[in-house]
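Here's a protein to explore together, one piece at a time. Keep the picture open while you read, and turn it around as we go.

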Amino acid sequence: MDMVDEAADATTNMYLKIVDRFNDQNVFAFVTAGGVRFLLLHEGRNEDAVKNFFNEVYELYVKNLLNPFYQFDTPILSPSFDHRIHALARRYL
């Protein structure tokens with residue numbers, strides 16, 4: 001998480017690109033305006049696809065926050081949310 005914090009402090013962009021490497025995989029990061037961090041461990045190097053993936057995940061996340069039945073700062077347990085994230089992963093990654 002320190003690598004994410006350092007990268008976030010160095011830019012105003014939400015998409016932080018590759019912040020670290022783990023074995024043969026890249027760690028991509030995205031930090032929302034509210035400070036929520038999305039991390040992706042992925043072998044690929046197509047940064048445009050990863051950026052598009054994160055942007056759409058962020059859109060789904062914001063829609064979930066606007067749901068009056070969601071309690072802020074609790075795990076997202078919606079099967080619909082999970083299904084949509086998996087569909088985005090298949091589409092972009």
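Let's begin with a bit of vocabulary: two strands count as paired if DSSP finds at least two bridges between them. Strands (E, at least two residues) and helices (H or I, at least four residues) are runs assigned by DSSP, numbered from the N terminus. One thing to keep in mind is that this is a predicted model, so local features need pLDDT of at least 70 and side-chain atom pairs count only at pLDDT 80 or more, while totals for chains, interfaces and linings use all residues. Residues are numbered from 1 along each chain as its sequence is written, and side-chain values use heavy atoms, with hydrogens and water left out.

Now for the sheet. It's an open one with 3 strands in the order β1-β2-β3, and the pairing is antiparallel. β1 and β3 are the edge strands, each pairing on one side only. From one strand to the next, the twist averages 25 degrees. (Angles here run from 0 to 180 degrees between N-to-C directions, and axes are lines fitted to C-alpha atoms, for helices over the stretch in contact.) What holds strands like these side by side? Strands of a sheet pair through backbone hydrogen bonds, either parallel or antiparallel.

Take the pair β1 and β2. Strand β1 covers residues 15–22, strand β2 covers residues 25–31, and 6 bridges join the two. You can pick out individual partners: isoleucine 18 is bridged to phenylalanine 28 in β2, and lysine 17 to alanine 29, also in β2. Lysine 17 deserves a second look, since its phi is near 65 degrees, a positive value in a residue other than glycine. Is lysine 17 buried or exposed? It sits in between, because its relative accessibility of 45% counts as partly exposed; the cut-offs are under 20% relative accessible area for buried, over 50% for exposed, and partly exposed in between, using a 1.4 Å probe and protein chains only.

Follow the chain from β1 into β2 and you meet a hairpin with 2 residues between the strands. Asparagine 23 is in this loop. It too has a positive phi without being glycine, near 55 degrees. With a relative accessible area of 63%, asparagine 23 is exposed. Strand β2 tells another story: 6 of its 7 residues are buried, so β2 is largely enclosed by the rest of the structure.

On its other side, β2 runs antiparallel to β3, and 6 bridges join them. Here asparagine 26 has histidine 42 of β3 as its bridge partner. The hairpin of β2 and β3 has 5 residues between the strands, and in it glycine 35 takes a positive phi near 90 degrees. Glycine 35 is partly exposed, with a relative accessible area of 33%. Its C-alpha atom is 9.5 Å from that of alanine 8, although the two are 27 residues apart along the chain.

Next, the helices. Helix α1 (residues 2–9) lies across β1, β2 and β3, running at about 150 degrees to β1. α2 also lies across β1, β2 and β3, at about 145 degrees to β3.

How do α2 and α3 cross? The axes of helix α2 (residues 47–65) and helix α3 (residues 79–92) come within 9 Å and cross at roughly 165 degrees. That makes α2 roughly antiparallel to α3, going by the rule that angles under 35 degrees count as roughly parallel, over 145 as roughly antiparallel, 65 to 115 as roughly perpendicular and the rest as oblique. Among the residues making the contact (heavy atoms within 4.5 Å) are Phe53, Val57 and Leu60 of α2 and Ile85 and Leu88 of α3.

Asparagine 64 of α2 belongs to that contact too. What is its accessibility? Asparagine 64 is buried, with a relative accessible area of 12%. Leaving aside its neighbours within four places in sequence, asparagine 64 is in contact with Tyr70, Ile76 and Phe81. Compare glutamate 59, which also lies in helix α2: at 44% relative accessibility, glutamate 59 counts as partly exposed.
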